[in-house]
Amino acid sequence: MNTESRTGCNWLTFTRFVYTQRQSKHIGFIFTKTTMTSETTAAAAVNTQNSNKNKTTIEVKLNAETKANLENLQGLTRSRNAMLANAKKVLPKKYMNEYDSFSLRSTLYQPEGNLDTLHSRCKDVLPLFRKKLTNITEAAGLDPDKVATWQGRDIMLTADLPYTSLTVAPLKSKARCIEKVETEYDGDFSRLIDIVRASIVVADEDQLICVAEALKNEKIIRLKNRFKEPLFTGYSDALYNVEIEGVICEVQLHVSAIVAHKEENHKYYEYFRSFFAGNFGACEARIHMLEKCVDPDADLQQMLVKMLESEDETMIFDMNTLVTEMGDYYLKELLCRRLCEINSDNLDYRNRLAFAVLEQGRYGEA
């Protein structure tokens with residue numbers, strides 16, 4: 001029989017204290033050396049495990065990759081907080097309350113699944129799409145070609161290109177279509193509903209509602225009111241999908257005071273979007289986890305140590321899922337080690353730890 005515990009102690013001999021009472025009054029403590037039965041040994045081991053399970057012995061040494069990933073997590077949290085704080089001042093309350101999100105279909109599909117045919121149809125629809133949106137923008141009292149500004153500064157779509165009141169994008173390239181379908185739609189080109197797309201930037205809620213009312217004359221098949229349910233980055237807008245001659249197109253409505261802060265925020269959207277995919281409730285749960293784990297202003301080393309000292313098993317598991325998607329196997333290893341400390345009998349945690357070690361090339365340890 002192996003008498004060594006997980007901590008290396010010999011449990012055949014165990015020093016314990018016996019608490020004695022006389023007439024319900026505390027007399028004192030007697031320390032005795034006793035040979036333990038198997039049942040007593042098990043009970044003592046459980047008690048010791050329970051008393052120590054909240055402690056961690058994990059040594060943290062930040063490498064360059066983990067440091068960069070934690071900085072990105074801090075950046076996302078910082079950017080989200082700033083975006084939400086700014087948006088709170090200018091959110092279009094009436095629009096939020098009167099224009100509910102909806103979809104006429106559970107999943108939207110284009111009429112074609114062949115990329116060449118679909119791209120050709122989108123090209124044919126683009127002039128009519130542009131004409132319709134030009135009329136809608138003008139009906140809201142906006143000059144479609146005027147550069148959108150906020151506080152006297154141009155609002156930039158890219159480093160070199162500003163938004164205009166109406167910005168109709170070029171067709172999404174075939175190369176980008178292929179990339180998106182492979183990463184998001186399992187090869188199904190009929191799921192591409194943003195090959196034809198445009199943005200309209202408004203200065204205030206009155207203009208926003210004018211555009212929204214004009215869009216009602218088109219065949220709207222889906223509306224995502226993201227002023228009411230913002231993206232995980234904190235960014236908010238309204239996203240419409242309209243059908244023109246059978247082709248689904250995308251129209252985004254932006255408020256200038258919010259879209260002016262989108263540039264930095266959007267890089268975190270691209271970086272973390274796969275982890276925050278899913279419905280609004282699932283996304284909110286992941287954001288809540290991130291808020292508990294990541295202090296945007298903390299020292300990275302101290303933040304990670306604090307994370308690994310947490311007793312919140314669910315939070316650490318969810319954080320482990322995120323860093324797995326980020327491909328940071330050293331950080332995954334640390335989190336898996338903490339999970340094993342909290343719940344040492346969980347075989348899944350041990351397997352995840354072994355996988356993280358293997359991915360770092362330490363085959364002998366796994």
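**Close-ups of a predicted model**

**View 1. Ser236 is tucked away in a loop.** With a relative accessibility of 1%, S236 counts as buried, since the cut-off for that label is under 20%. This is a predicted model, and here we zoom in on the loop between β8 and β9 (238–244), where S236 sits. What does S236 touch, once residues up to four places away in sequence are set aside? Its partners are A87, L91, R226, F227, P230 and I258. One of these, A87, belongs to helix α2, which spans residues 64–90 and turns up again in View 3.

**View 2. K219 sits in strand β8, partly in the open.** The strand runs over residues 219–225, and K219 is part of it. Is K219 buried, partly exposed or exposed? Its relative accessible area is 45%, so K219 is partly exposed. Skip the neighbours within four places in sequence, and K219 is in contact with N241, V242 and E243. Those partners fall in β9, which covers 238–244. G246 is worth finding in this view too: K219 and G246 are 27 residues apart in sequence, and their C-alpha atoms are 9.9 Å apart in space.

**View 3. Helices α2 and α8 cross obliquely.** Two packed helices are described by the angle between their axes and the distance between the axes. For α2 (residues 64–90) and α8 (residues 262–272), the axes come within 10 Å and cross at roughly 130 degrees. The two helices are therefore oblique to each other. Which hand does the crossing of α2 and α8 have? It is left-handed. On the α2 side, the contact is made by N69, N72, L73, G75, L76, S79, R80 and M83. From α8 come K262, N265, Y268, Y271 and F272. Sort the residues of this contact by type and you get six nonpolar, five polar and two charged.

**View 4. Helices α4 and α5 make a right-handed crossing.** Here α4 (residues 115–139) packs with α5 (residues 174–184) at an angle of about 125 degrees, and their axes are 11 Å apart. That makes α4 and α5 oblique to each other, and their crossing is right-handed. Which residues make the contact? Look for L115, D116 and H119 on α4, and for K174, C177 and I178 on α5. By type, the residues of the contact of α4 with α5 come out as three nonpolar, one polar and two charged.

**View 5. Helix α5 has a buried side and an exposed face.** The buried residues of α5 are C177, K180 and V181. Why do they end up on the same side of α5? They cover an arc of only 100 degrees around the axis, which puts them there together. An α-helix has 3.6 residues a turn, so residues three or four places apart point the same way. The buried residues of α5 pack against α4. Turned away from that buried side is a face carrying the exposed residues A175, E182 and T183. Just after α5 comes D186, with a positive phi of about 55 degrees.

**View 6. The whole chain, for orientation.** Zooming out, the chain has 13 helices and 10 strands. Of its 366 residues, 42% count as buried. How much of the contact list is long-range in sequence? Among contacts in the chain with a separation of 6 or more, 67% are between residues 24 or more positions apart.

Note on methods: Residues numbered from 1 in each chain as written. Predicted model: local features only at pLDDT ≥ 70, side-chain atom pairs only at ≥ 80, totals over all residues. Heavy atoms only, no water. Axes fitted to C-alpha atoms, helices over the stretch in contact; angles between N-to-C directions. Helix = DSSP H or I, 4+ residues; strand = E, 2+ residues; numbered from the N terminus. Parallel < 35°, antiparallel > 145°, perpendicular 65-115°, else oblique. Left-handed = near helix turned anticlockwise from the far one by under 90°. Contact = heavy atoms within 4.5 Å. Nonpolar A, V, L, I, M, F, W, Y, C, P; charged D, E, K, R; others polar. Buried < 20%, exposed > 50% of the residue type's maximum accessible area, 1.4 Å probe, protein only. Arc of directions from axis to C-beta.
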